[in-house]
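Biologist: Please take a close look at a single part of this model, and set that part against the rest of the chain. Plain numbers with their cut-offs will do.

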Amino acid sequence: MAEENKNESLLNKECSRRTALKIMAATGAGALLSGSILSSCKGGNNAASAAPLPKSPVGDNDKITSRHWDSTGDTVGLLGLGCMRFPQKPGQGGGFGRGGAIDQDQVNAMVDYAIKHGVNYFDTAPAYGGSEEATGIALSRYPRESYYIATKMSNFQGGNLQSAKQMFETSLSRLKTDYVDYFLLHGASSKRDMDSRFVNNGVIDYLMEQKKAGHIRHLGFSFHGSRSDMDYMLSLHKQYHWDFIQIQMNYVDWDAESNRNADAHYLYDQITKLNIPVVVMEPVRGGALANVNDTFRGMMAEAHPELSPAGMALSFVGTFPGVMCVLSGMSNMEQLTENVGTFVDFRPLSDKDQELLLKIAQIQRDNSAIGCTGCRYCMPCAFGVDIPGNFSVYDKCANEYSLPNPAGPHDKDYSKNRRAFLNRYNALDEKARAENCANCQACVSKCPQHINIPAQLDKIRKLVKEL
């Protein structure tokens, strides 16, 4: 492991001037960015390897920036606490989707800090393990009018109206409230989703009744789908009056379609044309944009030395005026305090800053990463395969530009990259590795990124065999 960490990436200390110039050509950054790129390749005390300069410490009375929305009448903090990845008790499992016991004391402490600093939007769902109950316990210690709860109709298996009613009533009970501020159709991403899960079984009519009765204040949906899918969902606006829409939005997905997911640029434009507020999910792409390589880190640090890569990613989406709330699935106090610091005295990014991030995104899209965000909707696997774990091994190497290519020319880095990849892969439990995939296809429909999971696992299996 020591040797692996020492020689981590083609773009770290030992990368060549030729590599740096290739990156500059890919970005079109030219002389403006050449200093940061080349300095990141030389090693030593440079911007790429240095930690970001911290912003001024968040004071006890400091609040994050909020925006008032005439369409809802609410003033919402720009940073929202995504409750999917709450901290787990030691030895009780490994996070969302793994059945671990949530550490309620840590959750309470995080909610206390969040509310103290102006975070007032809390997003959960029945599908997030024990998240609703933990969220309800933490928030019920505060006056109900001091925060907004968002939860969802997570009826992914379809089901009848009665089961949907039970899910909604259970959510209210777990959240210790008699109304939900922002209620979402969870993953309503196509006409088929709407018809099979919400329309044909009467669920959407029931939810409209709950809204009329005051048990739902605002109704919307979360979305992972194509441009035409969004066009269809927006065509229903006159009928259901969507109060808000939640989309995946970040600088990598801004100008590019991902599998069957539409580019966020198109989604944002179409939604805001109708004056519907946007709630952002995956602003740091499941953590991938918080862990960029040293070259990208150096480029960002030159523009904004006070912001971490995660802070840059959050600032990118927070810059857009149609964004009501940026959700971050924070799992510890360190992440929360950093993200709160990003949104205290929040300053939108300049056009130049956004252009820099979009150039970095183009480089990332040009590599062969699978694009898994680690949401774990695909888990558990009936055959024991750790799907996100396998994808994490592959994507980490892809994002470092260090994927070994057995069919290509074996340059001086091939042996190093081969060893690093196999070390990471072999660190997975033997039963959890890609070769144990039975191609049952059960996971495919569960992936919000529309990844062909068996095909990607087979790609990893073949690469391991070749190596």
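Modeller: Helices (H or I, at least four residues) and strands (E, at least two) are DSSP runs, numbered from the N terminus. By that assignment the protein chain has 18 helices and 10 strands. This is a predicted model, in which local features need pLDDT of at least 70 and side-chain atom pairs count only at pLDDT 80 or more, while totals for chains, interfaces and linings use all residues. Residues are numbered from 1 along each chain as its sequence is written, and side-chain values use heavy atoms, with hydrogens and water left out.

The part I will take is helix α4. It covers residues 104-116, 13 residues in total, and reaches 18 Å from its first C-alpha to its last. That is close to the expected 18 Å, where the expected span is 1.5 Å times one less than the number of residues.

At the N-terminal end of α4, D103 acts as a cap, with a side-chain oxygen 3.2 Å from the backbone nitrogen of D105. This falls under the rule for a polar contact: a pair of N or O atoms within 3.5 Å, where within protein one must be able to donate a hydrogen and the other to accept it, and residues adjacent in sequence count only if both atoms are side-chain atoms. Just after α4, G118 takes a positive phi of about 95 degrees.

Next, burial. Buried means under 20% relative accessible area, exposed over 50%, and partly exposed in between (1.4 Å probe, protein chains only). In α4 the buried residues are Q104, V107, N108, M110, V111, Y113, A114 and I115. They pack against two strands, β3 (79-82) and β4 (121-123), and two helices, α5 (131-139) and α14 (333-343). Contact here means heavy atoms within 4.5 Å.

F122 connects several of these pieces. Among the residues that F122 touches, not counting residues up to four places away in sequence, are V111, A114 and I115, together with L81, C83, T135 and L139. T135 is found in helix α5 and counts as buried at 2% relative accessibility. With the same sequence neighbours left out, T135 touches C83, F86, F122, T124 and L175.

F122 also belongs to the largest nonpolar core, which has 88 residues; F122, L185, W242, M249 and Y251 touch the most other members. Apart from it lies another core, of 24 residues, among them L428, L457, I460 and V464. A nonpolar core is a set of buried Ala, Val, Leu, Ile, Met, Phe, Trp, Tyr and Cys residues joined through side-chain atoms within 4.5 Å.

Other helices can be set beside α4. In α13 (residues 309-318), 10 of the 10 residues are buried, so this helix is largely enclosed by the rest of the structure. In α12 (residues 294-303), the buried residues are T295, F296, G298, M299, M300 and A301. At the start of α12, a side-chain oxygen of N293 reaches to within 3.0 Å of the backbone nitrogen of T295. Helix α7 (residues 191-199) holds S196, which is partly exposed, with a relative accessible area of 39%. A polar atom of the S196 side chain lies 2.8 Å from the backbone oxygen of R192.

Backbone geometry deserves a check as well. Most residues other than glycine have a negative phi, and most peptide bonds are trans. H241 has a positive phi of about 50 degrees although it is not a glycine; H241 is found in the loop between α10 (237-240) and β8 (244-248). N439, likewise not a glycine, has a positive phi near 55 degrees, and its place is in the loop between α17 (414-426) and α18 (453-466). The peptide bond from M379 to P380 is cis, with omega near 0 degrees, and P380 lies in the loop between α15 (351-366) and α16 (387-399).

For the chain as a whole, 56% of the 467 residues are buried. Residues 24 or more positions apart account for 77% of the contacts with a separation of 6 or more. The accessible surface comes to about 20200 Å², of which 49% belongs to carbon and sulfur atoms; accessible areas come from the Shrake-Rupley method with a 1.4 Å probe, and for residues only the protein chains shown count as cover. The count of disulfides is 0, a disulfide being a pair of cysteine sulfur atoms within 2.5 Å.
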